[in-house]
Every structure is written in structure tokens, then in C-alpha cells.
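Here is a short note for someone opening this entry for the first time. The points are numbered and can be read alongside the display.

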Amino acid sequence: MKSFLCGMALLANMAAPVAAETRYDRNIEKAATDIVAGKMGSIRGGFSYKQKPQFVVLPDTPPSAPAPVEPPRKEASGNDGLTPAVERQVSRTVF
């Protein structure tokens, strides 16, 4: 019984650091926000409460020219609607 109680005490003692929370330092948070705010500078300006939002409207772009169409390839025997496979020329240069 004594060894059982010692074992339970040892397990409870080992589990205590796992349940402990890390301390939160408000001073570190304030210093970090000051550093970030200093680096941002005047990147982002404020808005007046009287100002209405203005939406950006993109100008209409003219339609682009259609892509050139390849001439039809010569089909192998039979007309089953499939295009025959064409092998690419492989470079024989060895570096």
C-alpha cells in the first residue's frame, strides 16, 4: 500500500509541469505592437466617418486576338474521329 501511494505521488508530481500554463507578458506584447507600428509608419491611412467608400472600376479591355489555329494533321487510315499521336523531336545534345 505504501509503494502504491508513493507511485501515485510520483505520477502526480510528474504531471504537474504538463498542466502548468505559460505566463503571458503584456509588456512583451506592447513592445511588439510598438515595433510593428513603427515599421508600418503611414502605409495605411485612416478614413473619415463622413467619407463614402469609393469602388474601383476597371476599364473595359478590348478582346484579345484569337489564338492561331493549327492546320489539320494528316490522318492515318480510317476516320474514327481520333487524332494520331505525334512524337516530338528529342534533342540529342548531351551536356
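1. How many residues does α2 have, and how far does α2 reach from its first C-alpha to its last? The model is a predicted one, and in it α2 has 15 residues and reaches 21 Å between those two atoms. That span is close to the 21 Å expected at 1.5 Å a residue.

2. On the overall make-up, the protein chain holds two helices and zero strands. Of its 95 residues, buried ones make up 0%. The accessible surface of the chain is about 10,700 Å², and carbon and sulfur atoms account for 61% of that surface.

3. Both ends of α2 deserve a look. At the N-terminal end, D25 acts as the cap, with a side-chain oxygen 3.2 Å from the backbone nitrogen of N27. After α2 comes G41, which has a positive phi, near 60 degrees.

4. The structure holds two salt bridges. One of them joins E29 to R26, where the closest N and O atoms are 3.8 Å apart. Both residues belong to helix α2, which covers residues 26–40, and a separation of three residues puts about one turn of the helix between them. R26 counts as exposed because its relative accessibility is 58%, over the 50% cut-off. E29, at 37% relative accessibility, is therefore classed as partly exposed.

5. K30 and D34 form a salt bridge as well, and here the closest N and O atoms are 3.4 Å apart. Why are K30 and D34 separated by about one helical turn? They are four residues apart in helix α2, so about one helical turn lies between them. D34 has a relative accessible area of 44%, which means that D34 is partly exposed.

6. Helix α1 spans residues 2–19, and M14 is found in it. Is M14 buried or exposed? M14 counts as exposed because its relative accessibility is 53%, and exposed means over 50%. M14 also contributes to a nonpolar surface patch of about 820 Å². The other residues making this patch are M1, F4, L5, M8, L10 and L11.

7. For a second reading, two places can be checked against the display. One is the nonpolar patch made by M14 and its partners, including F4 and L11. The other is helix α2, with the cap from D25 at its N-terminal end and the salt bridge between K30 and D34.

Conventions: Residues numbered from 1 in each chain as written. Predicted model: local features only at pLDDT ≥ 70, side-chain atom pairs only at ≥ 80, totals over all residues. Heavy atoms only, no water. Patch = residues over 30% accessible without salt bridge, like charges linked within 9 Å, V, L, I, M, F, W, Y side chains within 5 Å. Areas by Shrake-Rupley, 256 points an atom, 1.4 Å probe, with all protein chains shown as cover. Salt bridge = Lys/Arg side-chain N within 4 Å of Asp/Glu carboxyl O. Buried < 20%, exposed > 50% of the residue type's maximum accessible area, 1.4 Å probe, protein only. Expected span 1.5 Å × (residues − 1). Polar contact = N/O pair within 3.5 Å; in protein donor to acceptor, adjacent residues only side chain to side chain.
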